[in-house]
Amino acid sequence: MKIVLKYLLFIACLLPELLSAQTLTITIDAKNTAQTIDNIGASGCWFSEGIGKYWPIEKRERMAELLFSKEAGPDGTLKGIGLSAWRFNIGAGTAEQGDSSGIRDFRKRVECFLNSDGTYNWDKQAGYQWFLRKAKDYKVENLIAFVNSPPVQFTQNGLGYKTVKDHKANLKADKYDAYAYFLAEVVKHFDQQKLHFNYLSPVNEPQWDWANQPGQASREGSPWSNEEIYHAITVVGAALTKSKLTTKILTPEAGQLDYLYGNNTATSQQIQTLFAANGKYSFNGLKHVPKIVAGHSYFTENGDNNLINVRKHRPIRLLNMALTFGSQNTLCWPMVIKKALRGDAARWIARCF
């Protein structure tokens, strides 16, 4: 496990207190490292579609600058927070379904590049694509594509979420290969557009049931068991290989960090189940799966005891298995912009790691 801690975030968090208190001298030993932060990023869900498509260009450009710029103005003030990763949501086609999608908030319905007749329309998700291209223009180091739900053409109920609480994937059993081919086509298209995705996440927050009655759903989503995740990652990796794509697969995108090493469900203890050297559902040997365990820090950063205990337990498993942890979806970009404008983004971000 790579370990680094650069003290910049730590100092940024303490700066307001230091300025208001007596003068202190802080000595930094650059050789004393503790944690590697590979990147700090944000997700384009959900509002970059409407903003990137309809808002005045000057407002969009200012948002992109706040998110991605690493430059400083004449007075030395940074123009943005310089994100080094950006997550792009590959939609399931609930926007085309309109109100019949059953998702209450129209802003959380997402178009799908795959049409119902099997053709592709790459002009869809125009707002999402605008911010993706801006991330590229600002030289954001990591572009990550992720999926909340398979295309509705491939789901068991024809919707972008579940309507029964069985904690099983909404993907039809005979559509895994079609789903893998779809994702490979999306990655290949953007490669051709010089928008290379470093990582692809075929499943997202698989622990949650994502079940609602039609008309009551909040967004796209699908549960996945560890067995189903293994099946999906295997066929997606094969599709990437067949298309000669170099994008890596980032998984399992746990909805809560303690599911990575604990709990007792069909989607728990994911480090031990999916990343062991051997095992029925081990990713070991899969070409496109790096030794990176991805999870989300939601619900584990409130309260110091919980925050510390979860983050103490997680590295033990990782170190024992020579793995690296990747915290995904830690930052919601509208919140990042709000806090960047207030000047306290660093303090808020630091608590998540």
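Which residues do ring pairs link into a cluster? Select Phe88, Phe113, Tyr120, Trp122, Tyr128, Phe182, Phe190 and Phe197, and you have that cluster on screen. Keep in mind throughout that this is a predicted model.

**Stop 1: the aromatic cluster**

Start with Phe113 and Phe190. A pair of aromatic rings is described by the distance of the centres and the angle of the planes. Here the centres are 5.8 Å apart and the planes make 65°, an edge-to-face pair. Phe113 belongs to the loop between α4 (94-97) and α5 (126-137), while Phe190 belongs to helix α6 (residues 176-192), so this pair ties together parts that lie 77 residues apart in sequence. Phe113 and Phe190 are both buried.

Next, pick Tyr176 and Trp224. Their rings also form an edge-to-face pair, with 6.4 Å from centre to centre and 80° between the planes. Tyr176 is in helix α6 and Trp224 in the loop between β4 (199-201) and α7 (226-242), so parts 48 residues apart in sequence are tied together by this pair. Both Tyr176 and Trp224 are buried.

**Stop 2: Phe88 and its surroundings**

Go back to the cluster and centre the view on Phe88, in strand β2 (residues 85-90). Phe88 is buried, with a relative accessible area of 1%. Who touches this residue? Leaving aside neighbours within four places in sequence, Phe88 is in contact with Phe113, Gln125, Tyr128, Gln129, Leu132, Ile144, Ala145, Phe146, Phe190 and Phe197. For a distance to try in your viewer, join the C-alpha atoms of Phe88 and Val147: they are separated by 8.6 Å, with their positions 59 residues apart along the chain.

**Stop 3: charges over rings**

Now show Arg87 and Phe146. Arg87 lies over the face of the Phe146 ring, at 4.0 Å from the ring centre. Then move to Arg60 and Trp130, where the charged end of Arg60 sits over the Trp130 ring, 5.1 Å from its centre.

**Stop 4: the open sheet**

Switch to a cartoon view and colour the strands. In what order do the five strands of the open sheet come? The order is β1-β2-β3-β4-β5, with parallel pairing. β1 (41-43) and β5 stand at the edges with a single partner strand each, so one side of each has no neighbour in the sheet. Add helix α5, which packs on the sheet and touches β2 and β3 (142-147); the direction of α5 makes about 155° with that of β2.

At the β5 edge, two bridges join β4 to β5. Select Leu200 and you will find Ile249 of β5 opposite.

**Stop 5: strands β6 and β7**

Look now at β6 (residues 251-254) and β7, which run parallel and are joined by three bridges. One place to see this is Ala254, whose bridge partner in β7 is Gly295. Strand β7 (residues 292-295) is covered on both faces: Ile292 and Ala294 are buried on one side, Val293 and Gly295 on the other.

**Stop 6: helix α7**

Select α7 next. At 1.5 Å a residue, its 17 residues should span 24 Å, and the end C-alpha atoms are indeed 24 Å apart. Highlight the buried residues, among them Ile229, Ile233, Val236 and Leu240. What do the buried residues of α7 pack against? Their partners are α6, β4, β5 (248-249), β6 and α8 (270-274). Just after the helix, Lys244 takes a positive phi of about 60°.

**Stop 7: backbone surprises**

Most residues other than glycine have a negative phi, and most peptide bonds are trans. With that in mind, visit a few exceptions.

- Cys45 to Trp46: this peptide bond is cis, with omega near -5°. Trp46 is in the loop between β1 and α2 (48-54).
- Thr251 to Pro252: a cis peptide bond joins these two, with omega of about 10°. Pro252 is in strand β6.
- Glu253: phi is positive, about 55°, although this residue is not a glycine. Glu253 also sits in strand β6, and is buried with a relative accessible area of 0%.
- Lys194: phi is positive here too, about 65°. Lys194 is in the loop between α6 and β4. Is Lys194 buried or exposed? Lys194 is exposed, with a relative accessible area of 64%.

Conventions. Residues numbered from 1 in each chain as written. Predicted model: local features only at pLDDT ≥ 70, side-chain atom pairs only at ≥ 80, totals over all residues. Heavy atoms only, no water. Phe/Tyr/Trp six-rings, centres within 6.5 Å; stacked < 30°, edge-to-face > 60°. Helix = DSSP H or I, 4+ residues; strand = E, 2+ residues; numbered from the N terminus. Buried < 20%, exposed > 50% of the residue type's maximum accessible area, 1.4 Å probe, protein only. Lys NZ or Arg CZ within 6 Å of the ring centre and 35° of its normal. Pairing = 2+ DSSP bridges. Contact = heavy atoms within 4.5 Å. Expected span 1.5 Å × (residues − 1). Axes fitted to C-alpha atoms, helices over the stretch in contact; angles between N-to-C directions.
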